[in-house]
Amino acid sequence: MASPTDLGPAHVYWVDAVQRSLLFLDVLRRRGNDYYEHRDALAPHVLDFDTTLIRDGRTLPRPVNYVLVRIEPAAGTEIDRAKPPVVVIDPRAGHGPGIGGMKQDSEIGVALAAGHPAYFIGFLPDPHPGQTIEDVWNAEAAMIQDVIDLHPEADGKPIVIANCQAGWQTMIMAATRPELCGPIVLAGSPLSYWAGARGLAPMRYLGGMLGGVWTTALAGDLGAGTFDGANLVRNFEAMNPANTLFDKPYNVYSKVDTEADRFLEFETWWGSPVLLNAEEMVWIAENLFVGNRLTSGQIRTRDGLAVDLRAIQSPIIVFCSWGDDITPPQQALGWITDLYADDEALVANGQTLVYCLHQTIGHLGIFVSGKVAAREHSEFVSCMGMIELMPPGLYEAVITEAPEDSSNPELIDGRYLFRLEPRTLEDLRALGCGERSDEPRFEAVAKASDINLGLYRTALQPAVRTMASPVAAEAMRELHPNRLRFSIFSDRNPFMPSLGRLAEQARNDRRPVAADNPFMAWERAMAHWTSANLQAWGKARDAATEAAFLAVYGSPAVQATVGAGVQPPPAAARMPRDVAQERRQAQERATLETRFENGGPAEAAVRALLYVGDANGAADERAFTLLRTLPAARSRKRTRAELRSLVAEQHRLLDLEEERAILAIPGLLPPTPEERRQILEALHEVIEAPGEPSPEVAERLDRIDALFETRERSLGDYHA
């Protein structure tokens, strides 16, 4: 009998294609079975870690479907309970929980590897009846307090990592309860929903093209008071038709021998949509997606408290990417230029803001990429102490491969070198943040949305709610295309179990085609052609959508009809002035006037270090690794909060009157020459840790040396 090779390349390719087709359909069958198994779990999630339940949000005075769990470290993982705990919060944006820890190389994984206690805030698939978004952020605050209570020995408040939608939720929580959080990491989190650049981020036009929030309310009413998260998943998938309709399934088909497990792992999370109360989703759409009210101070709690993000006291780290079309950098960073009119206002508010820009990674890669976890998230966690000690201001985190000839390589944690470079609000505006030329159009959308929602609630909502029953709503959810594509290929389809047996036979007799087979080359060419055409169609659709949006909502007639302005707002901050905060800042400045000559060796050392370091501009992790070795800092154990307060005050003194602050250093130094020598040597060691100082740094360091000698001479004169 002739072998398949003897029958020619066409036959060889045909055998391989049939086998791949059977194996691919079997992957879809397994995906469908996984869907039902995951859905029927008591608390479905994709965490790859053992957990212990700490708080069930359904037991709170205002119950919610959120839970707090402790991540149990694997055998051999050492946890230092003196380190601040890390709390990872996943987005409830259609998908289920666990993406922040679905593998070892993840946000949770790097926290455990660095020795931090780790916790996770997730959610159950069904919302508690009547829960609101405010209930959710208050529940999150209660859970953060639980973590604080469990770690009284921790040196600092919990580090909170908030992914995507959880970012704005956490920011509201931190603004209303600023005493709870340590540093906050916002990973791919949109906060400025109108921001963006033309030709990019088409999702920001969706609210306008749908006529506003009324369609969200309609979907919730048809769901008998429940909004189906599968609709959000469908919106995400529609953004990239080439990937959704062809690239992702073809990648599995073409590499079915190696890609199946990875595909199934991801689809378990992607294909398990959760539910929200209709009121929750309407609130999100009305206040955020369409209304963009978060950064303008228009959101209020049920007690009447205005949510002002300037109240957050914690350092904030924003991680975003140019490859992210769901949360582009403008939406991740634009809130900063909304809050602050200039750099002086940011510094006066005592805020430390750090942003990190990835060049290529997509939205999901920010959370699930092992490379991102090993680089960005690992560096954020390991250098968090450095970030906490940075003076108020705006910085960009620059992460690079550590050169082989690095100075003091033993001071670098891992393969990467972490640096913080000072930035200004103008640097953000150069990225497109604060661009307001399109805001009259989005304002028109918000006004039209209010009108349409009012009309819907008056004319249609009563009838829709009368017709919608829980049974019909459940049937509609089961028939949703994003669920049907899973269930139809599962073993609940009577034709699929036999397919599994055929796939097993194909697997046992697998005959993969050679890469140089001409028909395989033809397949790859057709795949490339199909993907390119779908991409072109998607770009054409997005361009047409943008053109329609700009034309309709840019029309003076439309803007006048809905009562929107026709001129862009001024470039000043959109957040209104906080007179009480300004009064407090004035009082603090008056108090600072009395603090120049107050303090001791610690104040002198930190003031000198800040003065010299200011000439260098960037801050290097090697210098901060040595910072705690200063004799003045070792004189007594200081908490992170105390150190941060010490650094902030010395920075404000230098900013207020630099020359007076520097000339006061000799009076703060210890009396004995040996103590002063130890401090000065430690200062030199810290400043020179990154390498040879620049001429500007060396000049300032020489001046500090002279001030230390001035102290010695003055004491000598006194004793004489």
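# Briefing: cavity, salt bridges and local geometry

Asp438 sits in the loop that runs between α16 (425–430) and α17. Its relative accessibility is 8%, so Asp438 counts as buried. From Asp438 to Gly350 the C-alpha distance is 31 Å, with their positions 88 residues apart in sequence. The model is predicted. The points below cover the cavity, the salt bridges, a surface patch, backbone angles and one long-range pair.

**Cavity**

- Rolling a probe the size of a water molecule over the atoms shows where empty space is left.
- Searching the whole structure for cavities of 30 Å³ or more turns up one.
- The largest cavity holds about 40 Å³ of space.
- Its lining consists of Trp194, Arg204, Gly207, Gly208, Phe289, Val290, Phe442 and Val445.
- Two elements, α5 (206–209) and α17 (439–459), give two or more residues to this lining.
- By class, the lining of the largest cavity has five nonpolar residues, two polar and one charged.

**Salt bridges: count and network**

- Side chains of opposite charge can pair when their charged atoms come close.
- The count for the model comes to 52 salt bridges.
- One network of salt bridges links Asp16, Arg20, Asp257, Arg510 and Glu523.

**Salt bridges: individual pairs**

- Arg492 pairs with Asp40, and their closest N and O atoms are 4.0 Å apart.
- This pair links distant parts of the chain, 452 residues apart.
- Arg492 is in the loop between α20 and α21, while Asp40 is in the loop between α1 (9–39) and β1 (50–56).
- Arg492 and Asp40 are both exposed.
- Asp135 forms a salt bridge with Arg62, with 2.5 Å between the closest N and O atoms.
- Here too the pair links distant parts of the chain, with Asp135 and Arg62 73 residues apart.
- Asp135 belongs to helix α3 (residues 133–150), and Arg62 to the loop between β1 and β2 (66–72).
- What burial class does each partner have? Asp135 has 4% relative accessibility, so Asp135 counts as buried. Arg62 has 45% relative accessibility, so Arg62 counts as partly exposed.
- Arg436 and Glu439 join their side chains in a salt bridge, at 3.1 Å from N to O.
- Both partners in that bridge, Arg436 and Glu439, are buried.

**Surface patch**

- Leu479, Leu484 and Ile488 make up a nonpolar patch on the surface.
- Together these three residues have about 270 Å² of accessible area.
- Ile488 is placed in the loop between α20 (481–487) and α21 (496–508).
- Why does Ile488 count as partly exposed? Its relative accessibility is 42%, and the partly exposed class runs between under 20% for buried and over 50% for exposed.

**Positive phi angles**

- Ala201 has a phi near 50°, a positive value in a residue other than glycine.
- Ala201 lies in the loop joining β6 (184–187) and α5.
- With 6% relative accessibility, Ala201 counts as buried.
- Asn292 also has a phi near 50°, positive in a residue other than glycine.
- The loop between α10 (278–289) and β9 (316–321) contains Asn292.
- At 2% relative accessibility, Asn292 counts as buried.

**A long-range pair**

- Glu688 is located in helix α30 (residues 673–688).
- Relative accessibility is 35% at Glu688, so Glu688 counts as partly exposed.
- Glu688 and His38 are 650 residues apart in sequence.
- In space, Glu688 and His38 are 55 Å apart, C-alpha to C-alpha.

Notes: Residues numbered from 1 in each chain as written. Predicted model: local features only at pLDDT ≥ 70, side-chain atom pairs only at ≥ 80, totals over all residues. Heavy atoms only, no water. 1 Å grid on protein atoms, 1.4 Å probe; cavity = no way out; pocket = protein on both sides within 12 Å on 5 of 7 lines; lining within 4 Å. Points joined across faces, edges and corners; volume = space filled by probe spheres on them. Helix = DSSP H or I, 4+ residues; strand = E, 2+ residues; numbered from the N terminus. Nonpolar A, V, L, I, M, F, W, Y, C, P; charged D, E, K, R; others polar. Patch = residues over 30% accessible without salt bridge, like charges linked within 9 Å, V, L, I, M, F, W, Y side chains within 5 Å. Areas by Shrake-Rupley, 256 points an atom, 1.4 Å probe, with all protein chains shown as cover. Buried < 20%, exposed > 50% of the residue type's maximum accessible area, 1.4 Å probe, protein only.
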